[in-house]
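Welcome! Here is a short briefing for anyone meeting this protein for the first time.

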Amino acid sequence: MNRFRRIFGISDDVNTIFFYPIMMKFTEIMTHESGYDFASHVLSVCNIHHKKLFCSITFRHALVLARDDKGCIILKKVITIADDFYKDEFLDLITDKVYKLSMDDLGISLIEHVLKLDFTRKTTENDMRLHVLMAEFDENLSTSSYDHLHKLVEKLTSDPDLFVKFVKTRRGTLMFHIILGKSEETDTVVWAAIKQRFTDITTDFQGGFILLRTMYVFKKRGNLKVYDKILRQIGLHALYLTKDIDMGNTVIQHVLNLFNYECTTLIAIGLHYHYIELSFLKHGSQVVEKLLGGDDKTVLFSLLFIVIEILKCDKDTLVRLAKDEYGNGVLRKTLEIAKLHRNDLFGDLVEKLKPFLDRLRGSSLGNNIAAIIDPAIETVKNQIVSEGNA
């Protein structure tokens, strides 16, 4: 590494040659114990073109560097010296991944660093009301006074429209991922404000992750009463959120992965009479399949609702479902889960689909369904023959 540092910077041509091996081993070099010194040297001796190239390479590996003590220091340095274009790119990336970054101290330190940059502060200058309010938050975030911060959050949340506007900005959402978890009193105020404008916030990209962060901090603190209330609120809005193809659907899939019985049950009930409709949609079918992928208790509850709707389908809808790119996956999984857990429901599905097998054969998707049903039909025939022989 020391030899490399002595060579790098001799000329632009030499630097160009050495940028290729740097790119090939970038994360390995930048997370090395001498990585920061090396990065500082590169940035101090290279020209503007190479500096931009270094920023570009760092951007591509930003999330890996953010998880390493030494890499995170380099990432902060690069963001600080980057031009406005790359600063904006880094800000977008960190905002998009802020929920995962906020899960550990390194990620929090990166978010705090970005918030301190003058460039980030300028992003709110077009709205002076927000700009002034965020300046107050800046002042309070840098102190250890949770009381002042609590009062400021109360001030913001007293105006629901302003609160929604605040969390939908990149800077606002970064701030709230730091604020949440500092004190239970402040978190409770934030949750009350989210609940008041629940669907507006939950279906927004930034707002949805604020909701998930709120849920996470209450669970981490051990306040399961509020945690369960948040899950219940999500369950009660299941249909609306599932149909929102962006953040609302993401929230629903996230909570289904938690296998919370009450929340999963509320979602299953909330989607009743809409399972076939949702099965034709990419994001809708993912939710339906997740409902069939939980523990035995929740699966059986969801399975019954889904089977009932399939049995009520007319023949054209059923054939279209079987041949549909997304519907086929739902139908196939329903058959597999029913066969595994409820032979009576599986038998009902086989009887429903049996008259349409000829229409299903001939297409790869239709053949998937026929491949599950044919052995069941053959088994029944063999039983009849055996009973007759007996």
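**A first look at the protein**

Let us start with one loop residue: Y273 sits in the loop between α22 and α23, the latter spanning residues 275–279. Please keep in mind that this is a predicted model. The bullets below go from the whole chain to a recorded repeat, and then to a handful of residues.

**Overall build**

- The protein is built with 30 helices and has zero strands.
- Along its principal axes, the C-alpha atoms fill a box of roughly 90 × 55 × 35 Å.
- The radius of gyration of the protein is 28 Å, whereas a compact globule of 390 residues would have one near 21 Å.
- Among contacts with a separation of 6 or more, 68% join residues that are 24 or more positions apart.

**Surface and charge**

- Of the 390 residues, 48% count as buried.
- The protein exposes about 18900 Å², and carbon and sulfur atoms supply 52% of that area.
- There are 51 positive and 52 negative charges, and the mean positions of these two sets are 1 Å apart.

**A repeat from the record**

- An unreviewed UniProt entry gives the annotation "repeat: Pumilio" for residues 309–351.
- In the model, residues 309–351 are 84% helix and 0% strand.
- The end C-alpha atoms of residues 309–351 lie 15 Å apart.

**Two loop residues with positive phi**

- Y273, the residue we began with, has a positive phi of about 75° although it is not a glycine.
- Is Y273 buried or exposed? Y273 is exposed, because its relative accessible area is 63% and the cut-off for exposed is over 50%.
- F259 also belongs to a loop, the one between α21 (247–256) and α22 (261–270).
- The phi of F259 is near 55°, which is a positive value in a residue other than glycine.
- F259 counts as partly exposed because its relative accessibility is 43%, a value in between the cut-offs of 20% and 50%.
- Which residues does F259 touch, leaving aside its neighbours within four places in sequence? F259 is in contact with T264, G293, G294 and D295.
- One of these partners, G294, is 35 residues from F259 in sequence, and their C-alpha atoms are 6.2 Å apart in space.

**A buried helix residue**

- T242 is part of helix α20, which covers residues 238–243.
- Why does T242 count as buried? Its relative accessibility is 2%, and buried means under 20%.
- Not counting residues up to four places away in sequence, T242 touches N249, I252, L271, L278, G284 and V287.

**A partly exposed helix residue**

- D296 lies in helix α25, which is made of residues 296–311.
- D296 counts as partly exposed, because its relative accessibility of 48% falls in between the 20% and 50% cut-offs.
- How far apart are the C-alpha atoms of D296 and D161? They are separated by 42 Å, and the two residues are 135 residues apart along the chain.

Notes:
Residues are numbered from 1 along each chain as its sequence is written. This is a predicted model: local features need pLDDT of at least 70, side-chain atom pairs count only at pLDDT 80 or more; totals for chains, interfaces and linings use all residues. Side-chain values use heavy atoms; hydrogens and water are left out. Helices (H or I, at least four residues) and strands (E, at least two) are DSSP runs, numbered from the N terminus. The radius of gyration is taken over C-alpha atoms; the globule rule is 2.2 Å times the number of residues to the power 0.38. Buried means under 20% relative accessible area, exposed over 50%, partly exposed in between (1.4 Å probe, protein chains only). Contact means heavy atoms within 4.5 Å. Accessible areas come from the Shrake-Rupley method with a 1.4 Å probe; for residues, only the protein chains shown count as cover. Lys and Arg count as positive and Asp and Glu as negative; His and the chain ends are not counted. The place of a charge is taken as NZ of Lys, CZ of Arg, CG of Asp or CD of Glu. UniProt positions are given in the numbering used here, feature names are shortened, and annotations may be inferred rather than shown by experiment.
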